[in-house]
Amino acid sequence: MSSFKALRIHEAEQGTTARIDDVTLDDLSEGAVEIRTAWSGINFKDALAVTGKGKIARKFPLVAGIDASGTVEASEDPRYKPGQKVVVTGWGMGENHDGGYAERTRVRGDWVVPLPDELDLRRAMIVGTAGFTAAMALVRMEQNGQRPDQGPVVITGASGGVGSFATRLFSRAGYAVTAMTGKADAADYLRGLGASDILDPAQVDFGKRPLEKAEWAGAVDALGGEPLTWLTRTTRPFGNVAAIGLAQGIELNTTVMPFILRGVNLLGIESVYCPMTLRLKIWERLAELLHAEDFDAICTGESGLDDVPRACAELMDRKVRGRTLVRLSGEQ
Ligand SMILES: NC(=O)c1ccc[n+]([C@@H]2O[C@H](COP(=O)([O-])OP(=O)(O)OC[C@H]3O[C@@H](n4cnc5c(N)ncnc54)[C@H](OP(=O)(O)O)[C@@H]3O)[C@@H](O)[C@H]2O)c1
């Protein structure tokens, strides 16, 4: 059986360590669909796993990478045929199932999404979990009544992967977007993605009262902690706040007042185990809203497997904007 390269996380005396190993298919988690991996990407969770800064890996050794796109090499699942192009995000890949940072990925048939016609394998991974989750926020907020004419939507952690896609998608869908970023030099980038206003968190008074002046018709939050608390207090009546991330913290110190006096909706966004019907709908919406130039605007880096640890460390240090691709076969 021929071997191939995989970036795996191993248990170490203190924490974990990541290195490139030669592995065979027998080393990978079980699954009916074997994929020749073309691309993966770097998400916050991948950076936590590879740098060892977060407890993401639930088995050892583990191939990291929560996303993969590629071509079916072999399938015991009759729904998939060799040669078919596919995308897989989440489902525990890169956590408790070997993931996308390997030249082969093996997954369950139920996890596989056929590559949408409008995308190619590279673009699908520029989207990856980050873009998928931003689109999930849009779909869920609209299912809950959000409309562009209600007013501005604020996006936090805006220069990151989720934030960049949220900025682009909401603006393509007709919303006025206020992008909050701690990166002083990201304003032009975010205006290029459609943001009409930029907020510097250092200049924001997050307030202390249960209700503050209602400013936002809706909000997409990648940070948690004080920014999410502030969003619950400053969202207008019947607006939606999509809670996606914890880049700043896991706390939420709000009161019931925004919910019972303003009818604010706090929507939990969970991408990993998103059911297939909703998953396909979200990919459809992504393909419909994104234009060719959006992918190049958001993809700010590309690395090979050996460069992934460095790229993950940069993401943890908040030096990255947009999305970094990971090249495996590089097939489009
Ligand atoms: N719920 C889900 O299913 C799901 C799916 C995907 C991601 N997530 C979560 O969403 C968050 C964003 O993921 P991502 O892949 O977009 O990561 P990312 O590319 O690193 O973006 C995160 C952004 O948040 C800001 N940020 C980072 N660290 C911060 C800190 N300590 N304090 C304040 N702001 C900070 C930065 O934006 P600025 O410099 O522009 O301020 C950064 O670019 C993560 O917490 C991730 O775990 C959740």
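**Close-up views of a predicted model**

**View 1. The loop that holds P61, shown in a predicted model.** P61 is placed in the loop that runs between helix 1 (44-51) and strand 4 (62-63). The peptide bond that joins F60 to P61 is cis, and its omega angle is about -15 degrees.

**View 2. The loop that holds W91.** Between strand 6 (85-89) and strand 7 (104-107) there is a loop, and W91 has its place in this loop. The phi angle of W91 is near 60 degrees, which is a positive value in a residue other than glycine.

**View 3. Polar contacts of the ligand.** Three distances can be followed in this view, and each of them starts from an oxygen atom of the ligand. In the case of S159, an N or O atom of the side chain lies 2.7 Å from a ligand oxygen, while for K183 the corresponding distance, again to an N or O atom in the side chain, is 2.9 Å. With G182 the partner is a polar atom of the backbone, found 2.8 Å from an oxygen of the ligand. The ligand taken alone exposes 910 Å², and the protein buries 87% of that area.

**View 4. The pocket and the shell around the ligand.** The ligand sits in the largest pocket, and the elements that give two or more residues to the shell around it are helix 2 (121-143) and helix 3 (161-172). There are 25 residues around the ligand, of which S159, V162, T181, I269 and S271 come nearest. Sorted by class, the shell is made up of 10 nonpolar, 12 polar and 3 charged residues. Both domain 1 (4-115 + 299-327) and domain 2 (128-268) take part in the shell, since at least three of its residues are drawn from each.

Note on methods. Residues are numbered from 1 along each chain as its sequence is written. This is a predicted model: local features need pLDDT of at least 70, side-chain atom pairs count only at pLDDT 80 or more; totals for chains, interfaces and linings use all residues. Side-chain values use heavy atoms; hydrogens and water are left out. A residue is near a molecule or strand if one of its heavy atoms lies within 4 Å of it. A polar contact is a pair of N or O atoms within 3.5 Å; within protein, one must be able to donate a hydrogen and the other to accept it, and residues adjacent in sequence count only if both atoms are side-chain atoms. Accessible areas come from the Shrake-Rupley method with a 1.4 Å probe; for residues, only the protein chains shown count as cover. On a 1 Å grid over the protein atoms alone, a cavity is a set of points where a 1.4 Å probe fits but cannot get out, and a pocket is an open set with protein on both sides within 12 Å along at least five of seven lines; lining residues have an atom within 4 Å of a point. A molecule sits in a cavity or pocket if more than half of its atoms lie within 2 Å of its grid points. Helices (H or I, at least four residues) and strands (E, at least two) are DSSP runs, numbered from the N terminus. Ala, Val, Leu, Ile, Met, Phe, Trp, Tyr, Cys and Pro count as nonpolar, Asp, Glu, Lys and Arg as charged, and the others, Gly among them, as polar. Domain bounds come from an automatic or database domain assignment.
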